[in-house]
Amino acid sequence: MAHVRLFRHYIHLPFVILGLIDFLVLVFSFLLAVFFRYFGDAGFFLDNLAFLLPSAVVFAAVNLLVMISIGVHQARLEEGMSGMMLRTILALIVGVPVAGFTYLLASEWLWYLGSSGVLTAASVFGFFMLGIVRSVFFAIAGKDAFKRKVLVLGSGFRANQLLEDLKTPFNRKGFSLSGFVPLPGEQREVPEEHLIYPATTLQQYIHKHPVSEIVVAVDDRRKGLPMEDLLECKMEGVKIVDGATFYERESRKVALEMISHGWLVFSDGFSVSSVFGIGKRSLDILAATALLIAGLPFMILTAIAIKIEDGLKSPVFYSQERVGLNGQVFKVHKFRSMVTDAERNGAVWASKNDARVTRVGEFIRKVRIDELPQIFNVLNGTMAFVGPRPERPVFVQQLSEKIPFYSERHRVKPGVTGWAQLCFAYADNEEDTREKLRYDLYYIKNQSLLLDLLIIIQTVEVVLFKKGSR
């Protein structure tokens, strides 16, 4: 099994294993630093191991949390081992003062976190040991040790979409495709080199060529499926999964072209309990308050910079109508990043190198400071901290007519940050908006407090590495 599902969110199993390994390595590196600084005698050290473990566990947990927040593990897919280790250095540097602050909060039982020498030495040990352990891990995992063999039933439009959309290393990290089995009378779109023609039944084929999963991705099931054959395969222990569900699990987004209203009705998810609502609102208030406290100095400096650039009479903020929960229109607040008459000719999409953006505006957009006033939208309840980004009524009307299921994103409150912001760059046209909707629907379908927390933590990466800002 290559995925773990926690609170309806799919997490790739090798990353879970790697996270646990990193945690143990960091615990060991901290104990090693304490041993050399304070002990030096193995017997005496082992006798006091239970006394040392709380500090080691907190050190490892703090650093692992920082690593997750700046996307250390995901960086391996896009930036290679060097990019992953560069981010690890940054995480370990940030982790020293954070772990030190943790000591101040609980100094009675985290004795060894009080020494900056121990924290620094543990971080150095940790960096080198993480590099060694990860190299060994990826040497093993890179040989498909964690990948499932998947056979796709179908060769038409849906099957070809799976082939095209899931061909990148990022999307195909959990499985390897054995091939596509065409159905009689099906219009084939999958290239011939990927097709498999079993001489006998599917059950007999998988005996000779074992697979762990069969994905049903046919365009028209009314033309008939080999149900008895599929049932025999299932009884053999092979998992049978719908193409749209498989796509969602592997790509962390919903395939708009593969779903219908019936799929939305009968698939799991899209359920929200009152307990979740209370928990989400509490998390919104907590996160917004923390961000307000941390961001207040930057907000003051931004207001001053806007006044200096555009004059004392120029407005610092601007408000704009956006569509929120259940299609209700509300006012969203931002720092003004464009010239005052930016939309004298009507609403238009923001674009790269937009001439309407001021010099101060260009900077605050890159580091997302322009979004900080939306904290007040979260506090007054018109927005959540995590959710789909709110869009303007004029664009919502246009997009709802062109993109299927677009209006479903208004089933939840819009957010300051969201799953689509983490997974996809800035949307400035219809096709990009369609792609972001795939991620928004995944969030709405699988929303939970765990997913909200993961998004909040990983938003730090978006800010630090300027992903998606425009």
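User: Before we get to R252, what counts as a helix here?
Analyst: Helices are DSSP runs of H or I with at least four residues, numbered from the N terminus. The model is predicted. Just after helix α9, R252 takes a positive phi of about 60°.

User: Is α9 largely enclosed or exposed?
Analyst: Helix α9 covers residues 243–251, and 8 of its 9 residues are buried, so it is largely enclosed by the rest of the structure.

User: Which ones are buried?
Analyst: The buried residues of α9 are G243, A244, F246, Y247, E248, R249, E250 and S251.

User: And what happens at the start of α9?
Analyst: There, a side-chain oxygen of D242 comes to within 3.0 Å of the backbone nitrogen of A244.

User: Switching to the surface: which residues form a nonpolar patch?
Analyst: The patch is formed by L296, I300, L301, I304 and I308, which together have about 510 Å² of accessible area.

User: Where is I300 found, and how accessible is it?
Analyst: I300 lies in helix α11, residues 274–310. Its relative accessibility is 49%, so I300 counts as partly exposed; the exposed class requires over 50%.

User: On to cysteines. How many disulfides are there?
Analyst: The count comes to 0 disulfides, taking as the criterion a pair of cysteine sulfur atoms within 2.5 Å.

User: What about C233, buried or exposed?
Analyst: C233 is buried, because its relative accessibility is 0%.

User: And C423?
Analyst: C423 has a relative accessible area of 31%, so it is partly exposed.

Key
Residues numbered from 1 in each chain as written. Predicted model: local features only at pLDDT ≥ 70, side-chain atom pairs only at ≥ 80, totals over all residues. Heavy atoms only, no water. Buried < 20%, exposed > 50% of the residue type's maximum accessible area, 1.4 Å probe, protein only. Helix = DSSP H or I, 4+ residues; strand = E, 2+ residues; numbered from the N terminus. Polar contact = N/O pair within 3.5 Å; in protein donor to acceptor, adjacent residues only side chain to side chain. Patch = residues over 30% accessible without salt bridge, like charges linked within 9 Å, V, L, I, M, F, W, Y side chains within 5 Å. Areas by Shrake-Rupley, 256 points an atom, 1.4 Å probe, with all protein chains shown as cover. Salt bridge = Lys/Arg side-chain N within 4 Å of Asp/Glu carboxyl O.
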